[in-house]
Amino acid sequence: MASSTSTASKAAWRLLSRRATTPRRVVALPDPHRCFSCSVRAHRPEKTETASSRMTHFGFENIPEGEKESRVGAVFSSVASSYDTMNDLMSLGIHRLWKDHFVRSLNPGSCSKTGAAGQNGWNILDIAGGSGDIAFRMLDHATNINHDRATRVTVADINADMLAEGRKRSIDTPYYNTDRLSFMVANAEHMPDVADNSVDLYTVSFGIRNFTDKQAALNEAFRVLKPGGVFACMEFSKVQNPVFNEVYKRWSFSAIPLIGQLVAGDRASYQYLVESIEKFPSQEEFREMIRQAGFVIPGQGYENLSCGIAAIHKGVKPLH
Ligand SMILES: C[S@@+](CC[C@H](N)C(=O)[O-])C[C@H]1O[C@@H](n2cnc3c(N)ncnc32)[C@H](O)[C@@H]1O
């Protein structure tokens, strides 16, 4: 992966910085003792704690941090083969519209100056992207809308079963076995194989709520992005209208585990999925976490989808 600031990153920066209300600034990382050689961060006041003694949530359960990765892994290995069907049933197909919108809003392969992609295209890293849903859309958009055949996507996921599903699905795309699409097993919290300042666009779609240490993943996103590069996250969020929220919660807590049981024969994994949505920070809290990682927040920083059932968050790595 190239380490120089590319035209693509600058284009992404210009696109988003026009909407930024916050002045450009470099925010110093709050914790100088960030540890990239382990999957958890060393917080100074908790020096004696280990991943096995610190607690985190797994849905509504409190578990030792050290157990979360394998429990989440088991959920996604279990749902991998029915992932598409289940997504369609649970969201009534709306996740496809959200994903289309997410990709359109990022306009991969564009170059703000000329309207055409730069010679080298964009280097995109799609984290937790096992299904390939975002990667294929990115490449379609770059190719068909921006006439850019150089933009490439690395799909990274911690779960080899989810990656295998994505790889299988890629056989039906024009990108199969080309250098525009690659797959990599990686933990978003610690990616030693991805160089500093090497990525133009980092995307994570419906993945980050499953991470053990979300702040570590955001810090890692900041590290790998080029100056001017864009962080973009789509995740389930908080519904804004109290009446709609009540209806939505009743639907998700009763229907989704039941659909999981009937269609995939796995109630527990789908129970976890709805509980993990409930535990994820609000739009404003998550925006602050993105800011804390060092990103400049463009405008309000997030866009609600379907009244806040999901939200798209963006951050830009400052140029200087
Ligand atoms: C709900 S799926 C999302 C898949 C895809 N991005 C989409 O939008 O359809 C969540 C993914 O997050 C992955 N994941 C969970 N924890 C992870 C981590 N720490 N690092 C990388 N991927 C992770 C899971 O393996 C799973 O494939």
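Leaving aside its neighbours within four places in sequence, which residues is T143 in contact with? Keep that in mind while you get your bearings; this is a predicted model.

**Whole chain**

Start with the protein chain in cartoon view. You should find 10 helices and nine strands. Of its 320 residues, 44% count as buried. If you like contact maps, take the contacts with a separation of 6 or more: residues 24 or more positions apart account for 75% of them.

**Stop 1: T143**

Now select helix α5, residues 133-145, and pick out T143 within it. Beyond the neighbours within four places in sequence, its contacts are D148 and R149. T143 counts as buried because it has 20 C-beta neighbours inside 10 Å, and 20 or more is the cut-off. Add P108 to the selection as well: it sits 35 residues from T143 in sequence, yet the C-alpha to C-alpha distance is 9.1 Å.

**Stop 2: the ligand**

Next, centre on the ligand. The shell around it holds 21 residues, and the closest are A128, G130, N159, M162 and S205. Helices α2 (65-79) and α5 are the elements that give two or more residues to this shell. Colour the shell by class and you get 10 nonpolar, eight polar and three charged residues.

Stay on A128 for a moment. This residue is in the loop between β3 (123-127) and α5. Its phi is near 55°, a positive value in a residue other than glycine. Is A128 buried or exposed? Count the C-beta neighbours inside 10 Å: there are 27, so A128 counts as buried.

N159, another of the closest residues to the ligand, makes a handy bridge to S70. The two are 89 residues apart along the chain, but their C-alpha atoms are separated by 9.8 Å. S70 itself is in helix α2. With 8 C-beta neighbours inside 10 Å, S70 counts as exposed, since the limit for that class is 12 or fewer.

**Stop 3: α3 against α8**

Time for some helix packing. Two packed helices are described by the angle between their axes and the distance between the axes. Select α3 (residues 83-91) and α8 (residues 242-264): they pack at an angle of about 145°, with axes 10 Å apart. The crossing of α3 past α8 is right-handed. Show side chains for T85, M86, L89 and M90 on α3, then I256, I259, G260, V263 and A264 on α8, and you have the residues that make the contact. By class, that contact has seven nonpolar and two polar residues, with no charged ones.

**Stop 4: α8 against α9**

Keep α8 selected and add α9, residues 267-279. Here the axes come within 7 Å and cross at roughly 150°. That angle is over 145°, so α8 is roughly antiparallel to α9. This crossing, too, is right-handed. On the α8 side, light up S252, F253, I256, P257, I259, G260 and Q261; they meet R267, S269, Y270, Q271, L273 and V274 in α9. The contact divides into seven nonpolar, five polar and one charged residue.

**Last stop: N197**

Finish in the loop between β5 (181-185) and β6 (199-205), where you will find N197. Check its backbone: phi is near 50°, a positive value in a residue other than glycine. N197 has 18 other C-beta atoms within 10 Å, so it is partly exposed.

Key
Residues are numbered from 1 along each chain as its sequence is written. This is a predicted model: local features need pLDDT of at least 70, side-chain atom pairs count only at pLDDT 80 or more; totals for chains, interfaces and linings use all residues. Helices (H or I, at least four residues) and strands (E, at least two) are DSSP runs, numbered from the N terminus. Two residues are in contact if their C-beta atoms, placed from the backbone, lie within 7 Å. Axes are lines fitted to C-alpha atoms, for helices over the stretch in contact, and angles run from 0 to 180 degrees between N-to-C directions. A crossing is left-handed if the near helix is turned anticlockwise from the far one by less than a right angle, and right-handed if clockwise. Ala, Val, Leu, Ile, Met, Phe, Trp, Tyr, Cys and Pro count as nonpolar, Asp, Glu, Lys and Arg as charged, and the others, Gly among them, as polar. A residue is near a molecule or strand if its C-beta atom, placed from the backbone, lies within 6 Å of it. Angles under 35 degrees count as roughly parallel, over 145 as roughly antiparallel, 65 to 115 as roughly perpendicular and the rest as oblique.
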